[in-house]
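Reader: I have a structure open and would like to go through it with you, a piece at a time. Could you take my questions as they come?

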Amino acid sequence: MNQLEEMQTFVRIVESGSITRAAEQMNTVKSAISKRLTDLEKRLGVGLLQRTTRKQTLTDAGRDFYQHCIRILDDIHEVETSLSNEQQALSGQIRLAVPITFGLLHLNPAIREFNQKHPDIRFAIEFNDRQQDLVAEGIDLAIRVSNLSDSTLIARKLTSTRLLICGSPAYFADHGTPDKAEDLLYGHVKLQYTNVSSSWTLKGHNGDTLSINLPTVLTANNGQFLHDAAIEGKGLILSPDFLSAEAVHQGLLISVLETSLIQPELGIYAVYPQTRYLSRRVRMLIEFLKAYFAIRPDWRCPDST
């Protein structure tokens, strides 16, 4: 095995978090990956990883070698990309991680359109609402609906989604329609999406900031499930408009307190690790998605900007 292949194998072991996962991602057997690492350490004369049955950690030498490998591999990719014909057909696989509801409702048609333009691209899509470790799981690109705080990721904003406090007409008939944030404190209940804070930060009628945590009658880790429960009158939801705008249009849900949310919008981003070389096919996908969502604000409520 040449030095470049050794570097690629070592980087995959480090970034995946284990020899087993590296073997899975490289479509080979665990014993082959383990032997490559052993041979590499023997050739270098230093230990690169400290391995136990539960975890692996980089040695000081391993950390230095990993950084050098990343830089060298990135340089090679950059040279190959600059020399390649930019007009050649895109091909290869893109491993994509997307939130379940946004992915099914809005990313699905975008991916189909991209694939019509570039039929040789193969997608491996993971639908999951949890924030995955992109490096460890070998993800090329993730779509995230959030205010990003992870500084280890590079993000490109695709569009945004407005947050709505919604309930059904039947719910408001039973509980009353709130005119100001303080009204929520009297007799209202909520449906809680488990991947976000249980408190709603709202602006009171005097301009003060209120942290309101309503009694929760139902929790779930899927927004579509809570959306459907809200239509049935089970409680209030704090929902992105990409999910609930259509129900508001149809009168199945009513949006209230639209000027009271301290944080009225969330960004929708394409994110990837700083250490990940961004292939031409992934770069083209990001540019396509940015253009796609720039002209398709199909989930916007009428009074949204």
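Reader: Let's start with a single residue: where is T9 placed?

Author: T9 sits in helix 1, and I should say at once that the model we are looking at is a predicted one.

Reader: Buried or exposed, that T9?

Author: T9 counts as buried, because its relative accessibility is 3%, and the cut-off for buried is under 20% relative accessible area.

Reader: Which side chain does the side chain of T9 make a polar contact with?

Author: The partner is R36, whose side chain is in polar contact with that of T9 at 3.4 Å. Another pair that you could check on screen is T9 and S34, which lie 25 residues apart in the sequence, with 9.8 Å between their C-alpha atoms.

Reader: Switching to voids, how many cavities of 30 Å³ or more does the structure hold?

Author: The structure holds one cavity of that size, and the space in the largest cavity comes to about 30 Å³.

Reader: And which residues line the largest cavity?

Author: Its lining is made up of E6, T9, F10, I13, R36, L37 and L40, so T9 and R36, the pair joined by that 3.4 Å polar contact, are both among the lining residues. Helix 1, which spans 3-16, and helix 3, which spans 30-44, are the elements that give two or more residues to this lining, and helix 1 provides the largest share, with four residues.

Reader: What is the split into nonpolar, polar and charged there?

Author: Four of the lining residues are nonpolar, one is polar and two are charged.

Reader: Now the hydrophobic side of things: how many residues are in the largest nonpolar core, and which have the most contacts inside it?

Author: The largest nonpolar core has 27 residues, and the ones with the most contacts within it are L96, L107, F123, L141, I143, L285 and L289. At least two residues of this core come from each of several elements, including strand 3 (92-98), helix 5 (100-117), strand 4 (121-127) and helix 9 (280-294). Helix 9 gives the largest share, namely seven residues.

Reader: Take L289 then; what is in contact with it beyond its neighbours within four places in sequence?

Author: With those neighbours left aside, L289 is in contact with L107, A110, I143 and L158. There is also a second core, separate from that one, with 18 residues that include M7, A22, Y66 and I70.

Reader: What about I121, where does that one lie?

Author: I121 lies in strand 4, and it counts as buried because its relative accessibility is 4%. Not counting residues up to four places away in sequence, I121 touches L90, S91, G92, I94, F114, N115 and R281.

Reader: I'm also curious about backbone angles; which phi does N27 have?

Author: N27 has a positive phi of about 55°, although N27 is not a glycine. That deserves a second look, because most residues other than glycine have a negative phi. N27 is in the loop between helix 2 (19-25) and helix 3. L257 also has a positive phi, near 55°, and is likewise a residue other than glycine; its place is in the loop between strand 12 (254-256) and strand 13.

Reader: Buried or exposed, for N27 and for L257?

Author: N27 is exposed, because its relative accessible area is 71%, whereas L257 is buried, because the value there is 8%.

Reader: One more residue: which element holds A230?

Author: A230 is in helix 7, residues 223-231, and counts as buried because its relative accessible area is 0%. Leaving aside its neighbours within four places in sequence, A230 is in contact with S168, L191, G235, I237 and L253. Its C-alpha atom is 50 Å from that of I33, and the two residues are 197 apart in sequence.

Reader: To finish, zoom out for me: how many helices and strands are there, and what does the C-alpha trace span?

Author: There are nine helices and 13 strands, and the C-alpha trace spans about 75 × 45 × 35 Å along its principal axes. Of the 305 residues in the protein, 45% are buried. Among contacts between residues at least 6 apart in sequence, 75% join residues at least 24 apart.

Conventions:
Residues are numbered from 1 along each chain as its sequence is written. This is a predicted model: local features need pLDDT of at least 70, side-chain atom pairs count only at pLDDT 80 or more; totals for chains, interfaces and linings use all residues. Side-chain values use heavy atoms; hydrogens and water are left out. A nonpolar core is a set of buried Ala, Val, Leu, Ile, Met, Phe, Trp, Tyr and Cys residues joined through side-chain atoms within 4.5 Å. Buried means under 20% relative accessible area, exposed over 50%, partly exposed in between (1.4 Å probe, protein chains only). Contact means heavy atoms within 4.5 Å. On a 1 Å grid over the protein atoms alone, a cavity is a set of points where a 1.4 Å probe fits but cannot get out, and a pocket is an open set with protein on both sides within 12 Å along at least five of seven lines; lining residues have an atom within 4 Å of a point. Grid points are joined across faces, edges and corners, and a volume is the space filled by probe spheres set on the points. Ala, Val, Leu, Ile, Met, Phe, Trp, Tyr, Cys and Pro count as nonpolar, Asp, Glu, Lys and Arg as charged, and the others, Gly among them, as polar. A polar contact is a pair of N or O atoms within 3.5 Å; within protein, one must be able to donate a hydrogen and the other to accept it, and residues adjacent in sequence count only if both atoms are side-chain atoms.
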